[in-house]
Amino acid sequence: MGSPLDLDKTISRAAERSTPKSSARALLTAVHPRDIDWRLELSSERVVIGRAQNVTVPALPHETVSRAHIELSFDSSLRRHTLTDLGSHNGSKINGVKIAEKAPIVLEDNAVIEVGDVLLVFERGSGVTTKVPDEVERERVPGRACKMNLVRALIARAAPDPSPILVIGETGTGKEWIAREVHRLSGRNGKLLAINCAALSPQLIESQLFGHVKGAFTGATSDHRGFFVEAEGGTLFLDELGELPSELQPKLLRVLQESEVRPVGGTTTRTVDVRVIAATNRDLATEVREGRFRRDLFARLALWEVSLPPLRQRRVDIFLWIERLHRIWAAAREAGELPVPRFTVEAASALLLYKWPDNLRGVDRLVHALSAASSDGGAIERDRLPGWLLAPNDESSKSDSSKSDSSGSSGSSGSSGSSGSSGKAPSARMPTPSKEEFEQVLEASGGNVSAVAKHFGRDRRQIYRWLEAFGLSDRRQGRKSDD
């Protein structure tokens, strides 16, 4: 038996806990110019980043970077890293907005940091320290983003298990890449058969999936095996599963549970050995709650659940995908070794801050536009990017506003169109911030109204008006301390 309880003492759970070390883990990666190979893992220690090398931080080798350009610190009360420009020669931007000197700014996941003409992406979360097994090939599941480390680690665990996998992600995020790698690692001898449920005929979908016997309906002049039988011994990838008609959902559930299919018009069942990977861009949990998708089928499909993040949540990988799809474009046209597109810092920043609502399909569209156009081989200017890429995307901005990986740090709308403040002084007048943006700057400055006013390029009276409007008056320091 254990020690008797001390009835006179209650232990505080909070006192027994400390801030997890993982919360201070973050990663800073240089993504532009492409010839700079620079990464820095961050912890709770303060670091100074610049052109000068020091004991713990590698130099950031670019002539536009000051010797001591920015400082990153971990604020234990906010459990966030903050960034401060140290009075650099060329200044710093966060998400396309120039920041004031000596005013620390809270960094959110996927923030784009411009240090001179070098672009860095800040990442935080468990993916920073996730170890990915070697068997998952990066060439098959591309990406350096920390979120992709989590995806690859889950693939390694799920692939040997014959249970179904549900891959959730927006259209164009690369869900079929996941299915291919799962199938390869599964060791199954059969083939991978990929089916788009949204493209199947509504009248014939049951026959297409499960087969039919001769005479089952008008036009059924012979037996048809169906996709499940065709995939025997292998993997059936059911893309856009959310489009499956409700009347077919119980029949799919039966196949998953019993490993048997009954063709349309048939009287006997056939045993099948098929691994099912389903993918959807719908929120199936919501579909279940609203009665549009069977709860038991969802539970059966989601024994393994892989969430594939959209491209805007893995900004580290944007240029990787541009280069990869550029090579595919050139190879398909036997164009030889066309030079990979290079970008000015303004164009590169616009690409990083774009919301990419079409994900990899949008990158493919960009590659086609740039590769098909004549080029002198020089760096592509911002005004040479396609107009659709530079236009604000209200729909994607709206859908992103509630996500925890918000690109926002102070004063930034997160869109490529907000990067027009380059060349202005640190006190340049910024657009009216949202409450979230204003609150981030207020917290990072410790409630100092003068520092907040300097950041937004407004006078202190305007800051007091915003404090009142946002209901944050109690969060500022006393007026005397601001002087």
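How are helix 9 and helix 11 oriented to each other? In this predicted model, helix 9, which covers residues 318–332, and helix 11, which covers residues 360–372, pack at an angle of about 60° with their axes 9 Å apart. Angles between 35 and 65 degrees are among those that count as oblique, and helix 9 and helix 11 are therefore oblique to each other. The crossing of the two, helix 9 and helix 11, is right-handed. On the side of helix 9 the contact is made by W321, I322, L325, H326 and W329, while helix 11 contributes L360, V363, D364, L366, V367, H368, S371 and A372. Sorted by class, the residues in the contact of helix 9 with helix 11 are 9 nonpolar, 3 polar and 1 charged.

**A second partner for helix 9**

Helix 9 also packs with helix 10, which spans residues 345–353, and here the angle is about 100° and the axes lie 10 Å apart. Angles from 65 to 115 degrees count as roughly perpendicular, and this is why helix 9 and helix 10 are described as roughly perpendicular to each other. The residues that meet are I318, F319 and I322 from helix 9 and A348, L351 and L352 from helix 10. By class, the contact of helix 9 with helix 10 has 6 nonpolar residues, with no polar and no charged ones. I322 is named in the contact with helix 11, and I322 is also named in the contact with helix 10.

**The chain as a whole**

The protein chain holds 17 helices and 17 strands. Of its 483 residues, buried residues make up 50%. When contacts between residues at least 6 apart in sequence are considered, 65% of them join residues at least 24 apart.

**Helix 14 and its surroundings**

Which residues of helix 14 are buried? In this helix, which runs over residues 435–444, they are E437, F438, Q440, V441, L442 and A444. These buried residues of helix 14 pack against strand 8 (105–106), helix 15 (449–456) and helix 16 (460–469). Helix 14 is followed by G446, a residue whose phi is positive, near 70°.

**Three residues in strands and a helix**

The table places S73, R80 and L185 side by side, with the element that holds each one and its relative accessible area.

| Residue | Element | Relative accessible area |
|---|---|---|
| S73 | strand 4 (residues 70–75) | 17%, buried |
| R80 | strand 5 (residues 80–85) | 24%, partly exposed |
| L185 | helix 3 (residues 175–186) | 22%, partly exposed |

S73 counts as buried because its relative accessibility is 17%, and buried means under 20%. The side chain of S73 makes a polar contact with the side chain of E71, at 3.2 Å. If residues up to four places away in sequence are not counted, S73 touches R46, R80, H81 and T82. R80, seen from its own side and leaving aside neighbours within four places in sequence, is in contact with S73, F74, D75, V106, L107, E108 and R124. R80 and A26 are 54 residues apart in sequence, and their C-alpha atoms are 9.5 Å apart in space.

For L185, residues up to four places away in sequence are again left out, and the residues that L185 touches are then E135, V136, I155 and A159. The C-alpha atoms of L185 and R157 are separated by 10.0 Å, although these two residues are 28 residues apart along the chain.

**Backbone angles in the loops**

Most residues other than glycine have a negative phi, and most peptide bonds are trans. Against this background, several places in the model deserve a careful look. E240 is not a glycine, yet it has a positive phi of about 55°. E240 lies in the loop between strand 13 (235–239) and helix 6 (249–258), and with a relative accessibility of 11% E240 counts as buried.

S259 also has a positive phi, near 55°, in a residue other than glycine. Its place is in the loop between helix 6 and strand 14 (260–261). S259 is partly exposed, with a relative accessible area of 31%.

Which two residues does a cis peptide bond join? They are H32 and P33, and omega is about -5°. P33 lies in the loop between strand 1 (26–32) and strand 2 (39–42).

Note on methods
Residues numbered from 1 in each chain as written. Predicted model: local features only at pLDDT ≥ 70, side-chain atom pairs only at ≥ 80, totals over all residues. Heavy atoms only, no water. Helix = DSSP H or I, 4+ residues; strand = E, 2+ residues; numbered from the N terminus. Buried < 20%, exposed > 50% of the residue type's maximum accessible area, 1.4 Å probe, protein only. Polar contact = N/O pair within 3.5 Å; in protein donor to acceptor, adjacent residues only side chain to side chain. Contact = heavy atoms within 4.5 Å. Axes fitted to C-alpha atoms, helices over the stretch in contact; angles between N-to-C directions. Parallel < 35°, antiparallel > 145°, perpendicular 65-115°, else oblique. Left-handed = near helix turned anticlockwise from the far one by under 90°. Nonpolar A, V, L, I, M, F, W, Y, C, P; charged D, E, K, R; others polar.
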